[in-house]
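Subject: Structure handover

Hello,

Please find the structure below, for your files. My notes on what was found in it follow directly after.

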Amino acid sequence: MPVLRRVPLVESGSDSLIVEGSDNGILCLSEFRTSIVYLWNPTTMELKKLPSPNCPNTQFRFGFGYDSLTNDFK
């Protein structure tokens, strides 16, 4: 049976998060009404807010992946 995890409270208090993608167990989440993006590790419950993109009034898509050379998600 899958384990359900509740995402820690995000900065804006929004309850409308979209799963943009996942890689190596890390989920990329975005808030429905803002451009705030998070990386969330449901195993450790760590939530990291990413820097906001500097492109006002434009539409964009999210994507991320794991870089094994730097041992980091990008």
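M45 sits in the loop between β3 and β4. Its phi is near 65°, a positive value in a residue other than glycine. For context, most residues other than glycine have a negative phi, and most peptide bonds are trans. M45 is partly exposed, with a relative accessible area of 31%. Please keep in mind throughout that this is a predicted model.

The loop that holds M45 is the turn of a hairpin: β3 and β4 are joined with 4 residues between them. Strand β4 covers residues 46–49, and its pairing with β3 is antiparallel, over 4 bridges. Two of the facing positions can be named. N41 has E46 in β4 as its bridge partner, and L39 lies opposite K48 in β4.

A second residue with a positive phi is N24. It is located in the loop between β1 and β2, and its phi is near 50°, again in a residue other than glycine. N24 counts as exposed, because its relative accessibility is 55% and the cut-off for exposed is over 50%. M45, at 31%, is classed as partly exposed, since that class lies between the limits of under 20% for buried and over 50% for exposed.

N24 also belongs to a hairpin turn, in this case the one between β1 and β2, which has 2 residues between the strands. These two strands run antiparallel and are joined by 6 bridges. One of the facing pairs is L17 with E31 in β2.

The next connection along the chain is also a hairpin: 5 residues link β2 to β3. Strand β2 spans residues 26–31, and 4 bridges join it to β3 in the antiparallel sense. Here L27 stands opposite W40 in β3.

Taken together, the pairings give one open sheet of 4 strands, in the order β1-β2-β3-β4, with antiparallel pairing. The edge strands are β1 (residues 17–23) and β4, each of which pairs on one side only. From one strand to the next, the twist averages 25°. As general background, strands of a sheet pair through backbone hydrogen bonds, either parallel or antiparallel.

How much of strands β2 and β3 is covered? In β2, 5 of the 6 residues are buried, so the strand is mostly covered by the cut-off of under 20% relative accessible area. Strand β3 (residues 37–41) is mostly covered as well, with 4 of its 5 residues buried.

One residue of β2 deserves a separate entry. S30 is placed in that strand. Is S30 buried or exposed? S30 is buried, because its relative accessible area is 3% and the limit for buried is under 20%. The side chain of S30 makes a polar contact with the side chain of E20, at 2.6 Å.

For the chain as a whole, the figures are these:

- The chain has 0 helices and 6 strands.
- Along the sequence the pattern reads β-β-β-β-β-β.
- Of the 74 residues in the chain, 18% are buried.
- Among contacts in the chain with a separation of 6 or more, 35% are between residues 24 or more positions apart.
- The accessible surface of the chain is about 5,900 Å², and 51% of that belongs to carbon and sulfur atoms.

To recap the local points: the two positive phi values described above belong to N24, at about 50° in the turn between β1 and β2, and to M45, at about 65° in the turn between β3 and β4. The sheet itself runs β1-β2-β3-β4 and is open.

Regards

Notes:
Residues are numbered from 1 along each chain as its sequence is written. This is a predicted model: local features need pLDDT of at least 70, side-chain atom pairs count only at pLDDT 80 or more; totals for chains, interfaces and linings use all residues. Side-chain values use heavy atoms; hydrogens and water are left out. Buried means under 20% relative accessible area, exposed over 50%, partly exposed in between (1.4 Å probe, protein chains only). Contact means heavy atoms within 4.5 Å. Accessible areas come from the Shrake-Rupley method with a 1.4 Å probe; for residues, only the protein chains shown count as cover. Two strands pair if DSSP finds at least two bridges between them. Axes are lines fitted to C-alpha atoms, for helices over the stretch in contact, and angles run from 0 to 180 degrees between N-to-C directions. A polar contact is a pair of N or O atoms within 3.5 Å; within protein, one must be able to donate a hydrogen and the other to accept it, and residues adjacent in sequence count only if both atoms are side-chain atoms.
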